[in-house]
Amino acid sequence: MDEEKRIVGGGAVYILLGAMLWGTTGTTQALAPAEAGPLAVGAVRQGVGGLVLLLVAVGQGHLDWRGGWTAAKGASRALWRDTILAGVMMAAYQVLFFSGVALAGVAVGTIVGIGSVPIAGGVVGWLIRGERPDGRWLVATVLALAGCGLLAAPAEAEVVNGWGLLLAVGAGVAYALYAVFSKGVLAVHTPDGGMALVFLVGGLFLAPLLLVVDLGWVLTLSGAVVVVHLGVVTVALAYGLFARGLRSVTVATAMTLTLAEPLTAGLLGVFLLGERLTGRGLVGIGLLISGLMVLVVKRR
């Protein structure tokens, strides 16, 4: 076969598929009962998803309770540390992101929150794991961020809440740190088992929220459908795919690939929610797809 023939990177495809499933979250929330608040949705989503991941991992015998846990002291402590920190960062992401969006607005909060993820991923991946981003990542990130901005930016300028922006950036950093620490967990556990542990730890930190938010909507038919979709599809399945891809790609690459989430959300908004796509949005979609393809398609 010609050496210049292009082939698709398997790990990148897993992450791309997972990000596309995350992109259904916004549409699902739009169809949820009006009383389903963002913090309640985030806490329930993480709890249900973690439980489903745990059941799958235990049922398939993928959760190794010994492995690194009973290894040498240093290795065991490192695994405990990575599992707890990954869970804490995932819980922090949920709170910071939804709070940032509430203060800064949906469009701006989403752009800053999701847009800061690949940048933060490149920095923390380099500082903590020594994964220095390459030129391919830089080109892909610039293209994808430009596309994300054109696709989701508001049509008119508006006054933005500074605290909302800060919280949104914090969410991006928290997510990048979650990915970094998950790498250590996935070095010992299978993707399903590792993500189950991480999400259960995060769920414990978010559990107090369930005591102060309205959960009555969960008992309605539409609420139950939303919970099942968010927990099973956008957490258990999506993060299972993400973890499989994360084992073979750098944190920086993985974080840029997650920009498939706003791309999917934008397209679903047009086709399912009747939102209008402008010419600027079409250009944004083209740039986003181009950036993602730079990472997904490799040269042999």
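The following legends describe close-up views of a predicted model of one protein chain.

**Figure 1. Overall architecture of the predicted chain.** The chain contains 12 helices and two strands. Along the sequence these elements are arranged as β-α-α-α-α-α-α-α-α-α-α-α-α-β. Of the 300 residues in the chain, 47% are buried. The accessible surface amounts to about 13700 Å², and carbon and sulfur atoms account for 69% of that area. When contacts between residues at least 6 apart in sequence are considered, 88% of them join residues at least 24 apart.

**Figure 2. Crossing of helix 7 and helix 9.** Helix 7 comprises residues 162–186 and helix 9 comprises residues 221–246. Their axes come within 10 Å and cross at roughly 70°. Helix 7 is therefore roughly perpendicular to helix 9. The crossing of these two helices is right-handed. On the side of helix 7, the contact is formed by Tyr 175, Tyr 178, Ala 179, Ser 182, Lys 183 and Leu 186. Helix 9 contributes Tyr 239, Phe 242, Ala 243 and Leu 246. Sorted by class, the contact holds eight nonpolar residues, one polar residue and one charged residue.

**Figure 3. Surroundings of Val 173 in helix 7.** Val 173 has a relative accessible area of 33% and is therefore classed as partly exposed. This value falls between the limits of 20% for buried and 50% for exposed residues. Val 173 and Gly 121 are 52 residues apart along the chain, and their C-alpha atoms are separated by 7.4 Å.

**Figure 4. Surroundings of Gly 231 in helix 9.** Gly 231 counts as buried because its relative accessibility is 0%, where the cut-off for buried residues is under 20%. When neighbours within four places in sequence are left aside, Gly 231 is in contact with Arg 45, Val 48, Gly 49 and Ala 236. The C-alpha atoms of Gly 231 and Leu 53 are 9.4 Å apart in space, while the two residues are 178 residues apart in sequence. Leu 53 also appears in Figure 5, as one of the residues of helix 3 that meet helix 8.

**Figure 5. Packing of helix 3 with helix 8.** Helix 3 spans residues 38–59 and helix 8 spans residues 191–206. The two helices pack at an angle of about 145°, and their axes are 8 Å apart. Helix 3 passes helix 8 in a left-handed crossing. From helix 3, the residues in contact are Gly 42, Ala 43, Gln 46, Gly 50, Leu 51, Leu 53, Leu 54, Val 56 and Ala 57. These meet Asp 192, Gly 193, Met 195, Ala 196, Phe 199, Leu 200, Gly 202, Gly 203 and Leu 206 of helix 8. The classes represented in this contact are 11 nonpolar, six polar and one charged.

**Figure 6. Surroundings of Leu 197 in helix 8.** Leu 197 has a relative accessible area of 10% and is therefore buried, given that the class requires a value under 20%. In sequence, Leu 197 and Ala 86 are 111 residues apart. Their C-alpha atoms are separated by 9.4 Å.

**Figure 7. Packing of helix 1 with helix 12.** Helix 1 covers residues 10–22, and helix 12 covers residues 279–296. An angle of about 145° is formed between the two helices, with their axes 9 Å apart. Ala 12, Val 13 and Leu 16 of helix 1 make the contact with Leu 292, Met 293, Leu 295 and Val 296 of helix 12. By class, the contact comprises seven nonpolar residues, with no polar and no charged residues.

**Figure 8. Surroundings of Thr 278 in the loop between helix 11 and helix 12.** Helix 11 covers residues 260–271. Thr 278 has a relative accessible area of 31% and is therefore partly exposed. Thr 278 and Leu 150 are 128 residues apart in sequence, whereas their C-alpha atoms lie 9.7 Å apart in space.

Key: Residues are numbered from 1 along each chain as its sequence is written. This is a predicted model: local features need pLDDT of at least 70, side-chain atom pairs count only at pLDDT 80 or more; totals for chains, interfaces and linings use all residues. Side-chain values use heavy atoms; hydrogens and water are left out. Axes are lines fitted to C-alpha atoms, for helices over the stretch in contact, and angles run from 0 to 180 degrees between N-to-C directions. Helices (H or I, at least four residues) and strands (E, at least two) are DSSP runs, numbered from the N terminus. Angles under 35 degrees count as roughly parallel, over 145 as roughly antiparallel, 65 to 115 as roughly perpendicular and the rest as oblique. A crossing is left-handed if the near helix is turned anticlockwise from the far one by less than a right angle, and right-handed if clockwise. Contact means heavy atoms within 4.5 Å. Ala, Val, Leu, Ile, Met, Phe, Trp, Tyr, Cys and Pro count as nonpolar, Asp, Glu, Lys and Arg as charged, and the others, Gly among them, as polar. Buried means under 20% relative accessible area, exposed over 50%, partly exposed in between (1.4 Å probe, protein chains only). Accessible areas come from the Shrake-Rupley method with a 1.4 Å probe; for residues, only the protein chains shown count as cover.
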